[in-house]
Amino acid sequence: MLISQLLKKKGDDVATIAPSDSIADVVRALATRRVGALVVSADGTTVEGIISERDIVRDLAAQGSDTINRTAGDLMTAEVVTCALDATTEQLMAEMTARRIRHVPVTENGALVGIISIGDVVNARVHELEIETEQLSNYISGY
Ligand code: AMP
């Protein structure tokens with residue numbers, strides 16, 4: 001399945017945070033938006049980084065309570081793996097597995113147009129495989 005098709009179903013909403021926002025703001029946004037990662041962007045469309053729960057846990061382990069006073073820009077991963085709308089769920093699954101990441105922002109002409117989580121690609125693949133199985137089963141039983 002194409003990422004453009006998947007985004008049509010799940011929508012183009014992306015939870016973002018400005019690089020200057022504090023980790024306290026990041027934690028609040030992760031909790032209220034019920035997501036595991038935020039795209040770091042000052043204008044909401046240019047991807048400057050990504051910050052996930054793991055970045056906060058790692059920093060907490062190293063710095064303790066000082067983490068809460070740091071900013072999204074301090075803890076984010078600046079080299080972000082993104083994908084285009086014509087990428088496929090299979091490609092994204094392979095990329096996420098190889099790089100051990102669970103979130104991939106989708107961009108078009110440099111602008112943020114969506115985000116795909118590992119849950120989204122797994123759900124899409126399971127759905128595709130269910131349809132394939134049903135078609136094969138119908139074919140074998142002559143329907
Ligand atoms: P996650 O699996 O999304 O919780 O993230 C695990 C680690 O990979 C964290 O350090 C994230 O900042 C980083 N990360 C998550 N998604 C991406 C991405 N698309 N590109 C680069 N790094 C990422």
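**Close-up views of a predicted model**

**View 1. The whole protein.** The accessible surface of the protein comes to about 8,600 Å², with 51% of it belonging to carbon and sulfur atoms (Shrake-Rupley method, 1.4 Å probe; for residues, only the protein chains shown count as cover). This is a predicted model, in which local features need pLDDT of at least 70 and side-chain atom pairs count only at pLDDT 80 or more, while totals for chains, interfaces and linings use all residues. Residues are numbered from 1 along each chain as its sequence is written, and side-chain values use heavy atoms, leaving out hydrogens and water. Starting at the N terminus, you can follow the elements as α-β-α-β-β-α-α-α-β-β-α (DSSP runs numbered from the N terminus: helices are H or I, at least four residues, and strands are E, at least two).

**View 2. The two faces of helix α2.** Here Ile23, Val26, Ala29 and Leu30 of α2 (residues 23-33) are buried (under 20% relative accessible area; exposed is over 50%, partly exposed in between, 1.4 Å probe, protein chains only). These four lie on the same side of α2 because they cover an arc of only 115° around the axis, taken from the directions from the helix axis to the C-beta atoms. On the face turned away from that buried side, look for the exposed residues Arg28, Ala31 and Thr32.

**View 3. Around and after α2.** The buried residues of α2 pack against β1 (16-17), β2 (37-40), β3 (49-52), α3 (53-63) and α4 (72-75), contact meaning heavy atoms within 4.5 Å. Following α2 comes Arg34, with a positive phi near 55°.

**View 4. Val122 in helix α6.** Val122 sits in α6 (residues 118-140) and is partly exposed, at a relative accessible area of 35%.
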